[in-house]
Amino acid sequence: MNAKAYLSQAYRIEKAIHDMLEEVATLRAMATKTTSVISDMPRSGIKNTSGLADTVAKLIEREELLYHEIERLVDQRTEICDAIQAVDDWEERRVLYLRYISYRGWTAIAEEMHTCLRQVYRLHGRGLKKISVPP
């Protein structure tokens with residue numbers, strides 16, 4: 001794995017977490033959604049709660065998976081921050097931080113650093129060469 005792919009891992013994990021959060025919200029809405037059916041037919045004394053129980057079980061399963069992914073993201077971001085902090089040049093470190101931790105675009109980085117886009121690319125390239133990728 002090269003340095004760029006290594007640093008980009010946190011972004012992909014964060015996007016996966018966002019998708020999982022949406023899925024959990026949908027499952028939660030389905031589990032709490034209740035509708036009344038008005039009928040003049042007599043009801044049996046037995047309630048069918050297995051559908052709700054299955055939905056709640058799936059919700060709990062997805063939430064547990066979500067928590068594991070969040071823990072993985074925190075660990076990954078910490079590892080990436082440590083790798084970026086090991087870069088000795090301040091400007092290179094700043095470009096890498098803005099790109100891979102703050103998820104900023106190239107133009108936004110250039111504006112924030114008050115430099116041209118070409119210089120941002122140069123700093124990024126030099127900074128990537130200084131990142132040590134774990135095996």
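In which handedness of crossing does α3 pass α4? In this predicted model, the crossing in which α3 passes α4 is right-handed, and the surroundings of that crossing are described below after an outline of the chain.

The chain contains five helices and zero strands, so that its elements, read from the N terminus on, follow the order α-α-α-α-α. Of the 135 residues in the chain, 30% are buried. When contacts between residues at least 6 apart in sequence are considered, 68% of them join residues that are at least 24 apart.

An example of a contact between residues distant in sequence is provided by R62, which lies in helix α2, spanning residues 50–85. The C-alpha atom of R62 is separated by 7.7 Å from that of M20, although the two residues stand 42 residues apart along the chain. Apart from its neighbours within four places in sequence, R62 is in contact with M20, E23, V24 and L27. With a relative accessible area of 23%, R62 is partly exposed.

The packing of helix α3 (residues 90–100) can be described against two other helices, beginning with helix α5 (residues 117–129), against which α3 packs at an angle of about 95°, the two axes lying 8 Å apart. Because of this angle, α3 is roughly perpendicular to α5. On the side of α3 the contact is made by E91, E92, V95, L96 and Y100, while α5 contributes V120, L123, H124, R126, G127 and L128. By character, the residues of the contact of α3 with α5 comprise six nonpolar, two polar and three charged.

Helix α4 (residues 106–113) is the second partner considered here, and its axis and that of α3 come within 10 Å and cross at roughly 140°. The two helices, α3 and α4, are therefore oblique to each other. In this pairing, E91, R94, V95, L98 and R99 of α3 meet W106, I109, E112 and M113 of α4. The residues of the contact of α3 with α4 divide into five nonpolar and four charged, with no polar residue among them. E91 and V95 are listed for α3 both in the contact with α5 and in the meeting with α4.

The loops on either side of α4 each hold a residue with a positive phi value. In the loop between α3 and α4 stands Y103, a residue other than glycine whose phi is positive, near 60°. Its relative accessibility is 26%, and Y103 accordingly counts as partly exposed. The loop between α4 and α5 contains H114, for which phi is near 55°, again a positive value in a residue other than glycine. H114 is exposed, with a relative accessible area of 74%.

The cysteines C81 and C116 may be considered last. A disulfide is, in general, a covalent bond between the sulfur atoms of two cysteines, and the structure holds zero disulfides. C81 has a relative accessible area of 23% and is partly exposed. C116 is likewise partly exposed, with a relative accessible area of 41%.

Technical notes. Residues numbered from 1 in each chain as written. Predicted model: local features only at pLDDT ≥ 70, side-chain atom pairs only at ≥ 80, totals over all residues. Heavy atoms only, no water. Axes fitted to C-alpha atoms, helices over the stretch in contact; angles between N-to-C directions. Helix = DSSP H or I, 4+ residues; strand = E, 2+ residues; numbered from the N terminus. Parallel < 35°, antiparallel > 145°, perpendicular 65-115°, else oblique. Contact = heavy atoms within 4.5 Å. Nonpolar A, V, L, I, M, F, W, Y, C, P; charged D, E, K, R; others polar. Left-handed = near helix turned anticlockwise from the far one by under 90°. Disulfide = S-S within 2.5 Å. Buried < 20%, exposed > 50% of the residue type's maximum accessible area, 1.4 Å probe, protein only.
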